Amino acid sequence: MAQEAQAVSGAENGAKASPVVFTAAKPWLVVEAPKANDAVLFYKAAFGAEELSRVNDPKRKAELELPLIRSAELKIGSSVFVVSDLTDDSSSPAKSAVSGLVFCLETESVEAAVAKAVAAGAVSEDELTEGEGGCCGGVVGKVKDPYGNLWLICSPAKKCGDVDA
């Protein structure tokens, strides 16, 4: 579902502003260089991510055995996110590592998904719990990936119509 935001520019002179329509929001994970390739491999192994595209940093290709990743677009389910190496050049979208990002993955097989992530190198943060709010309403497992990102693995929340009377 696309979200609309009213454009401000052009409205001052009496012209009708065209709405701005966003078609997607993509979280962008920036990991300490040169670990983005390892992160991509981890997300594939742990969460079944599909790599949609990759852009390597052409400046770093000659210097390194494995080139730095400018962006790798990954898909889990119907959601897309981007992973890149943290670099100090002007083309980098971030100049320092970002913290405080939490991903929420929904599945009917929470226990198996947590076990798969741990087998791929994640660390389980807690026991499975029931309904912790936020994006989760059912069973919740928490894992931290090798790059410091927290992933909530949840069963889909029951909608009001799904609750037995």
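**Hairpins, rings and a pocket**

Me: What phi does glycine 148 take in the hairpin of strand 10 and strand 11?
Reply: Glycine 148 takes a positive phi near 90°. The hairpin has 5 residues between the strands. Most residues other than glycine have a negative phi. Note that this is a predicted model.

Me: How do you know that strand 10 and strand 11 pair?
Reply: Count the bridges. Two strands pair if there are at least two bridges between them. Strand 10 and strand 11 are joined by 5 bridges, and they run antiparallel. In one place, lysine 144 stands opposite leucine 150 of strand 11.

Me: In which sense does strand 7 pair with strand 11, parallel or antiparallel?
Reply: Parallel, over 5 bridges. Leucine 105 has isoleucine 153 in strand 11 as its bridge partner.

Me: What makes strand 11 mostly covered?
Reply: A residue is buried if its relative accessible area is under 20%. In strand 11, 4 of the 5 residues are buried.

Me: How many residues of strand 5 are buried?
Reply: Strand 5 covers residues 69-76, and 6 of its 8 residues are buried. That makes strand 5 mostly covered.

Me: How do you know that strand 5 and strand 6 pair?
Reply: The requirement is at least two bridges. Strand 5 and strand 6 have 5, in the antiparallel sense. Isoleucine 76 stands opposite serine 79 in strand 6. The hairpin of these strands has 2 residues between them, and its glycine 77 takes a positive phi near 65°.

Me: How many bridges pair strand 4 and strand 5?
Reply: There are 6, and the sense is antiparallel. For one of the partners, look at glutamate 51, which is bridged to leucine 74 in strand 5.

Me: How many aromatic pairs does a search of the whole structure find?
Reply: It finds 11. One of them is formed by tyrosine 43 and tyrosine 147.

Me: What makes the pair of tyrosine 43 and tyrosine 147 edge-to-face?
Reply: Planes over 60 degrees apart count as edge-to-face. Here the angle between the planes is 65°, with 6.5 Å centre to centre. Therefore the pair passes the angle cut-off and is called edge-to-face. The two rings sit in distant parts of the chain, 104 residues apart. Tyrosine 43 is in helix 1, and tyrosine 147 is in the loop between strand 10 and strand 11.

Me: Why does tyrosine 43 count as buried?
Reply: Tyrosine 43 has 0% relative accessibility, so it counts as buried. The cut-off is under 20%. Tyrosine 147 is at 22%, so it counts as partly exposed.

Me: Why is the pair of phenylalanine 81 and phenylalanine 103 called tilted?
Reply: The planes of phenylalanine 81 and phenylalanine 103 stand at 55°, and the ring centres are 5.3 Å apart. Stacked needs under 30 degrees, edge-to-face needs over 60, and the rest is tilted. An angle of 55° is in the rest, so the pair is tilted. Phenylalanine 81 belongs to strand 6 and phenylalanine 103 to strand 7, 22 residues apart.

Me: How do you know that phenylalanine 81 counts as buried?
Reply: Its relative accessibility is 3%, and the limit is under 20%. Phenylalanine 103, at 10%, counts as buried too.

Me: Which residues do ring pairs link into a cluster?
Reply: Phe42, Tyr43, Phe47, Phe81, Phe103, Tyr147 and Trp151.

Me: Which residues of the largest nonpolar core touch the most other members?
Reply: Tyr43, Phe47, Phe81, Val83, Val143 and Trp151 do, out of 25 residues in this core. Helix 1 gives the most to the core, with 7 residues. In soluble globular proteins, nonpolar side chains tend to be buried together.

Me: How many residues line the largest pocket?
Reply: The lining has 18 residues. Ile76, Cys104, Leu105, Glu106 and Trp151 lie nearest the centre of the pocket. About 300 Å³ of space lies inside. Strand 7 supplies the largest share of the lining, 4 residues. By kind, the lining divides into 13 nonpolar, 3 polar and 2 charged residues.

Me: Which residues does a cis peptide bond join?
Reply: Alanine 33 and proline 34, with omega about 0°. Proline 34 is in the loop between strand 3 and helix 1. Most peptide bonds are trans.

Methods: Residues numbered from 1 in each chain as written. Predicted model: local features only at pLDDT ≥ 70, side-chain atom pairs only at ≥ 80, totals over all residues. Heavy atoms only, no water. 1 Å grid on protein atoms, 1.4 Å probe; cavity = no way out; pocket = protein on both sides within 12 Å on 5 of 7 lines; lining within 4 Å. Points joined across faces, edges and corners; volume = space filled by probe spheres on them. Nonpolar A, V, L, I, M, F, W, Y, C, P; charged D, E, K, R; others polar. Buried < 20%, exposed > 50% of the residue type's maximum accessible area, 1.4 Å probe, protein only. Phe/Tyr/Trp six-rings, centres within 6.5 Å; stacked < 30°, edge-to-face > 60°. Core = buried A, V, L, I, M, F, W, Y, C linked by side-chain atoms within 4.5 Å.
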